[in-house]
Amino acid sequence: MNPTLRTLISFILIMTCQLAYADKPRFGDTLTVGIGGMNHRGKATMAVTRPDAPVDELTFTDLGLSDETEVFWGDLVWQFAERWKVRLNYSSFDARGQEVQTKGGNWDGLDWEVGARLSTDFEMELYIADLTWDFLKTENGHLGAGVGLHAVDLDLALLLEVGASIGGEGGFIPIDGDVTSVLAPLPNFSMSGGFMIGNKVYLHGSLGAFSLDYDKYDGSLFSARGAVEWRPWDHVGLGAAYQYVELELNIDRDSKQEYFDVEFYGPVLFLTVGF
């Protein structure tokens with residue numbers, strides 16, 4: 001298991017065990033809006049294969065893609081009843097790269113040989129929506145269970161280029177391209193909790209997981225998040241968090257099979273406004 005993920009899970013479990021010892025309520029917000037920046041990191045193994053072709057998996061390294069980017073992060077929590085709340089969260093990942101291939105391969109309608117160059121534009125958007133009921137709620141903290149939807153929107157554009165002599169010098173010319181778009185909405189079961197330290201510090205975290213095997217879809221999802229918020233002013237606070245999402249998805253279509261095994265994770269610094 002990823003060491004950072006193991007630390008994050010331990011933090012969430014310890015926080016849950018300490019719930020009864022918190023001595024202050026949460027900040028009392030009905031609506032809390034968080035905006036910030038995330039150092040988003042990613043790993044991916046992907047393949048889109050026609051029935052008559054061998055499976056060739058591609059990684060970020062194969063495509064010359066950076067595994068790290070700075071992105072916008074947004075969070076909204078609506079506590080619409082004493083024990084009920086809705087949380088919406090958004091983050092993304094973007095990377096562009098070029099890589100000369102050291103082995104032949106294929107992706108959907110593209111086939112290439114050794115020495116070809118792939119230019120890649122990869123974009124991912126992650127949407128999280130959770131409805132949570134606090135089955136344990138005291139004046140000082142809460143522990144709840146929830147259901148929700150995690151949607152991963154992936155777009156991968158590949159441009160296939162081959163070596164050529166251009167004006168007497170070596171170079172590459174484009175010969176073909178392909179764009180793959182996948183929207184993977186998966187339901188999610190989660191546990192979440194939080195408690196106060198003093199009057200101005202709030203610790204909270206959540207764990208979620210789901211597995212689905214239905215029709216042409218076969219996938220699993222795991223997510224974890226831990227955060228600390230400091231509220232020096234009545235309605236404005238500062239916070240830091242760590243977020244981890246792992247998705248494995250197989251889509252068996254008539255014309256092709258799509259496989260994605262992706263991890264997206266990283267630290268977040270954010271500003272909150274509560275009312």
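Strand 4 (residues 84-100) and strand 7 (residues 117-137) pair in the antiparallel sense over 17 bridges. Strands here are DSSP runs of E, at least two residues long, and helices are runs of H or I, at least four residues long, numbered from the N terminus. Two strands count as paired if DSSP finds at least two bridges between them. Within this pair, Gly 97 has Thr 120 in strand 7 as its bridge partner.

The model is predicted: local features need pLDDT of at least 70, side-chain atom pairs count only at pLDDT 80 or more, and totals for chains, interfaces and linings use all residues. Residues are numbered from 1 along each chain as its sequence is written, and side-chain values use heavy atoms, with hydrogens and water left out.

**Strand pairing**

Strand 4 also pairs with strand 3 (residues 68-78). These two run antiparallel and are joined by 5 bridges. A hairpin links strand 3 to strand 4 through 5 residues. Strand 3 in turn pairs with strand 1, antiparallel, over 11 bridges. Strand 1 has further partners. It pairs with strand 13 (residues 257-274) in the antiparallel sense over 16 bridges. It is also joined to strand 2 (residues 58-59) by 2 bridges, again antiparallel.

Individual bridge partners show how these strands are set against each other.

| Residue | Opposite residue | Strand of the opposite residue |
|---|---|---|
| Gly 34 | Asp 75 | strand 3 |
| Asn 39 | Glu 70 | strand 3 |
| Gly 42 | Phe 264 | strand 13 |
| Met 46 | Leu 58 | strand 2 |
| Asp 75 | Asn 89 | strand 4 |
| Leu 76 | Leu 88 | strand 4 |

**From Gly 34 to Asn 89**

Two rows of the table share Asp 75. Gly 34 stands opposite Asp 75 in strand 3, and Asp 75 stands opposite Asn 89 in strand 4. Gly 34 lies in strand 1 (residues 31-49). Asn 89 is found in strand 4. The two residues are 55 apart in sequence and 9.2 Å apart in space, C-alpha to C-alpha.

Gly 34 is buried, with a relative accessible area of 5%. Asn 89 is buried too, at 3% relative accessibility. Buried means under 20% relative accessible area, exposed over 50%, and partly exposed in between, with a 1.4 Å probe and protein chains only.

What does Gly 34 touch, its neighbours within four places in sequence left aside? Gly 34 is in contact with Trp 73, Gly 74, Asp 75, Leu 271 and Thr 272. Contact means heavy atoms within 4.5 Å. Another residue far along the chain is Phe 270, 236 residues from Gly 34, with 6.3 Å between the C-alpha atoms.

Asn 89, with the same neighbours within four places left aside, is in contact with Trp 73, Gly 74, Asp 75, Leu 126, Tyr 127, Ile 128 and Gln 243.

**The cavity**

The structure holds 1 cavity of 30 Å³ or more. A cavity is a set of points, on a 1 Å grid over the protein atoms alone, where a 1.4 Å probe fits but cannot get out; lining residues have an atom within 4 Å of a point. Its volume is about 410 Å³. Grid points are joined across faces, edges and corners, and a volume is the space filled by probe spheres set on the points.

The lining of this largest cavity counts 32 residues, and Val 77, Arg 87, His 204, Ser 206 and Arg 225 lie nearest its centre. Strand 10 (residues 201-214) gives the largest share of the lining, 6 residues. By class, the lining divides into 9 nonpolar, 16 polar and 7 charged residues. Ala, Val, Leu, Ile, Met, Phe, Trp, Tyr, Cys and Pro count as nonpolar, Asp, Glu, Lys and Arg as charged, and the others, Gly among them, as polar.

**The whole chain**

The protein chain has 2 helices and 13 strands. Of its 275 residues, 45% count as buried. Among contacts between residues at least 6 apart in sequence, 67% join residues at least 24 apart. The accessible surface comes to about 13,400 Å², of which 58% belongs to carbon and sulfur atoms. Accessible areas come from the Shrake-Rupley method with a 1.4 Å probe; for residues, only the protein chains shown count as cover.

Key
On a 1 Å grid over the protein atoms alone, a cavity is a set of points where a 1.4 Å probe fits but cannot get out, and a pocket is an open set with protein on both sides within 12 Å along at least five of seven lines; lining residues have an atom within 4 Å of a point.
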